[in-house]
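Colleague: Hi, could you walk me through this model? I have a handful of questions about burial, contacts and the sheet.

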Amino acid sequence: PRRMLCLCRRCPLCMVYVPWNYHEPQPGVYDFTGDRDVEAFLDLAAELGLLVILRPGPYICAEWDMGGLPAWLLWKADIILRSSDPAYLAAVDAWLHVLLPKIKPRLYQHGGNIISVQVENEYGSYYACDPSYLQHLLGTFRALLGPEVLLFTTDGAQVEELRCGTLQGLYATVDFGPDSNVTEAFGAQRHIEPRGPLVNSEYYTGWLDYWGGPHASTSATLVARGLADMLQLGANVNMYMFHGGTNFAYWSGADFKGQYKPVTTSYDYDAPLSEAGDPTEKLFAIRTVISKFQPLPVGPMPPPAPKYAYGWVTLHKVNACLEACAVLPGLAHGFMLYRTQLPRDILAPAMLSAPPHSICDRGYVMLQKEYQGTLERDGQTELHVKGKAGDTLDVLLENMGRISFGANFNDFKGLLGNLSLDSRPLSKWLIYPLAIDAAIQQGWPHAALPKSSCRGRAGPAFYTGTFETPGIAWDTFVKFPGWSKGQLWINGFNLGRYWPHEGPQQTLFVPGSILRVGCPNNITVLELEGAPLNPFLLFLDQPLFNRTLSHSPLDKK
């Protein structure tokens with residue numbers, strides 16, 4: 001994950017999350033290779049002279065899918081997550097016994113750069129309020145990391161949240177944003193911790209975006225003023241986020257606020273350093289505040305990383321069968337294909353309906369490969385269809401991210417209730433978990449035959465194309481003029497979801513590190529609802545976040 005940078009009051013410091021589900025995709029199957037190599041990342045931070053605040057969970061929130069908890073925990077349907085439920089504790093203990101021994105040699109007291117370790121995260125905001133659970137975690141962390149490491153908790157700056165989220169033996173810190181009363185917020189911490197440092201372990205410099213909502217922004221002046229107030233008190237401040245980032249692939253989570261609210265691919269967060277790592281007005285406002293309390297580093301600020309507008313790229317629809325990606329059960333993210341046949345002739349349109357809360361999270365309905373429409377969680381749950389007995393009915397289910405905060409954690413995905421035709425339940429479903437990412441990484445579907453016609457643009461389909469870089473591989477941003485909703489891969493790397501009609505995000509960030517120089521870059525798009533008549537992508541040298549920007553002149557080209 002790219003969302004790891006932060007700032008400390010007097011020392012170069014970074015805050016590192018460890019998402020459990022990123023490293024244990026199946027029970028007892030661990031992955032610490034490539035960009036999942038926690039030890040290599042911590043060692044790199046040490047080489048750069050950075051101290052580390054480690055946040056290993058087991059729950060991290062971070063708007064990450066299921067708050068970092070593995071979806072396979074839900075195989076036990078009645079499990080009580082983040083509690084002293086024996087089934088949950090057994091899984092947590094097994095994971096910590098793998099992770100924490102990798103951490104121990106890198107603790108500060110052993111000559112490493114990890115100065116503190118958080119236990120759980122914002123537990124006071126969770127309904128369970130189970131002190132036995134926190135006591136169990138404390139015992140496990142102490143047993144595996146030793147008695148000297150500084151262990152701490154983080155909770156909202158409310159006495160009630162601190163009451164349920166803290167435990168003797170864990171130093172209690174608070175989190176709050178620039179719109180909070182600093183004196184009152186730290187007063188809540190002092191209620192639990194009469195002595196010791198004042199710590200805002202998550203000072204919110206911005207906020208996240210939800211699909212269908214406005215792009216969040218927070219005034220640089222307000223953020224700078226709040227920081228000044230805290231530093232004036234001699235408090236310690238960790239900024240969340242200092243560096244924005246990206247929820248690549250399927251890793252973005254969701255909230256539940258009366259209804260399901262999935263988080264966008266971009267986690268730019270209106271942070272002082274942007275999603276692409278560039279300085280913003282907010283960064284300079286923060287530097288000005290810090291300069292009043294300590295000397296700034298000598299020398300100029302690093303410039304923004306170079307960007308490149310690679311321009312228009314034409315794509316072509318290909319004959320690529322979704323079920324070619326089917327694998328054995330066990331898929332936790334992405335897409336599932338549900339298939340059955342019409343049990344009788346439907347000459348007049350019949351109502352295809354889903355029970356409440358059974359579509360998790362979007363179902364793309366096809367009859368004889370013809371797109372019929374979309375069924376939605378907290379949205380449309382009925383469609384009219386007609387056909388002949390034996391016609392194939394497909395429902396492609398998309399997981400838009402599991403809830404990552406609050407009480408609604410048992411967020412099961414897929415088709416959770418049977419569809420009905422005019423109130424008669426359908427049966428004999430075949431279920432195909434689709435390992436699309438693995439297939440694309442192996443070169444599929446670029447070898448598939450192109451469609452012979454541009455007709456039939458509606459519904460799920462794959463589109464492919466290539467482009468070459470002019471001797472450079474710089475960061476870029478890709479826009480989707482006329483496209484509906486889907487997923488983008490470049491050179492097999494899953495860049496995440498696009499949904500320009502819903503917004504606010506209009507472009508996806510493409511790091512230059514995934515691009516090739518001197519050979520074609522392969523683009524793969526899975527469009528889910530309907531591609532434009534002339535399917536193009538547009539590569540820009542700047543991002544577009546606000547939905548209002550979707551009506552810019554670029555849309556008319």
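Modeller: Happy to. Let's settle one term before we start: a residue counts as buried when its relative accessible area is under 20%, as exposed when over 50%, and as partly exposed in between. Please also keep in mind that this is a predicted model.

Colleague: Thanks! Let me try that on Thr464: is Thr464 buried or exposed?

Modeller: Thr464 sits in strand E25, residues 461–467. Its relative accessible area is 9%. The cut-off for burial is under 20%, so Thr464 is buried.

Colleague: Which residues does Thr464 touch, leaving out those up to four places away in sequence?

Modeller: As a point far from this residue, take Asn236, which is 228 residues away along the chain: the two C-alpha atoms are separated by 50 Å. The residues that Thr464 does touch, not counting those up to four places away in sequence, are Thr314, Leu315, His316, Val318, Pro445, His446, Ile523 and Thr524.

Colleague: On to the records. Which residues does the UniProt annotation "domain: Glycoside hydrolase 35 catalytic" cover, and how far apart are the end C-alpha atoms of that span?

Modeller: The UniProt record, an unreviewed entry, lists residues 15–292 for this domain. In the model that span is 32% helix and 17% strand. Its end C-alpha atoms lie apart by 24 Å.

Colleague: Which residues carry the annotation "active site", and what is the largest C-alpha distance there?

Modeller: UniProt, again in an unreviewed entry, gives "active site" for Glu122 and Glu202. They are spread over 81 residues of sequence, yet they cluster in space. The largest C-alpha distance is 10.7 Å.

Colleague: Where is Glu122, and what is its relative accessible area?

Modeller: Glu122 belongs to the loop between strand E3 (114–118) and helix H4 (131–145). Beyond four places in sequence, Glu122 touches Arg82, Thr154, Asp155, Asp175, Glu202, Tyr204 and Phe405. Glu122 is buried, because its relative accessible area is 10%.

Colleague: And Glu202: which side chain joins it in a polar contact of 2.9 Å?

Modeller: Glu202 is in strand E6, residues 199–204, and counts as buried at 4% relative accessibility. Setting aside neighbours within four places in sequence, its contacts include Tyr17, Arg55, Asn121, Glu122, Asp175 and Tyr240. One of these, at 2.9 Å between the side chains, is also the polar partner: Arg55.

Colleague: How many disulfides does a search of the whole structure find, and which cysteines are joined?

Modeller: The search finds one disulfide. Its S to S distance is 2.0 Å, and the angle about the S-S bond is -85°, which makes the link left-handed. Distant parts of the chain are linked here, 35 residues apart: one cysteine is in the loop between E3 and H4, the other in helix H5 (residues 159–165). The pair is Cys129 and Cys164.

Colleague: Are the cysteines Cys129 and Cys164 buried or partly exposed?

Modeller: Cys129 has a relative accessible area of 26%, so Cys129 is partly exposed. At 10% relative accessibility, Cys164 is buried.

Colleague: Now the open sheet with five strands: in which order do they run, and which are the edge strands?

Modeller: The order is E18-E17-E20-E14-E24, with antiparallel pairing. On average, neighbouring strands are turned by 20° against each other, direction ignored. An edge strand pairs on one side only, which fits E18 (370–376) and E24 (430–434).

Colleague: Strand E14 catches my eye. Over how many bridges does E14 pair with E20, and over how many with E24?

Modeller: Both pairings are antiparallel. Towards E20 (residues 392–398), Gln341 has Thr392 as its bridge partner. Towards E24, Phe335 is partnered by Leu434, and Met336 stands opposite Pro433. The counts are seven bridges with E20 and five with E24.

Colleague: Last one: why is E14 described as largely enclosed?

Modeller: E14 covers residues 335–341. E14 is largely enclosed by the rest of the structure because, of its seven residues, the number buried is five.

Notes. Residues are numbered from 1 along each chain as its sequence is written. This is a predicted model: local features need pLDDT of at least 70, side-chain atom pairs count only at pLDDT 80 or more; totals for chains, interfaces and linings use all residues. Side-chain values use heavy atoms; hydrogens and water are left out. Two strands pair if DSSP finds at least two bridges between them. Helices (H or I, at least four residues) and strands (E, at least two) are DSSP runs, numbered from the N terminus. Axes are lines fitted to C-alpha atoms, for helices over the stretch in contact, and angles run from 0 to 180 degrees between N-to-C directions. Buried means under 20% relative accessible area, exposed over 50%, partly exposed in between (1.4 Å probe, protein chains only). Contact means heavy atoms within 4.5 Å. UniProt positions are given in the numbering used here, feature names are shortened, and annotations may be inferred rather than shown by experiment. A polar contact is a pair of N or O atoms within 3.5 Å; within protein, one must be able to donate a hydrogen and the other to accept it, and residues adjacent in sequence count only if both atoms are side-chain atoms. A disulfide is a pair of cysteine sulfur atoms within 2.5 Å.
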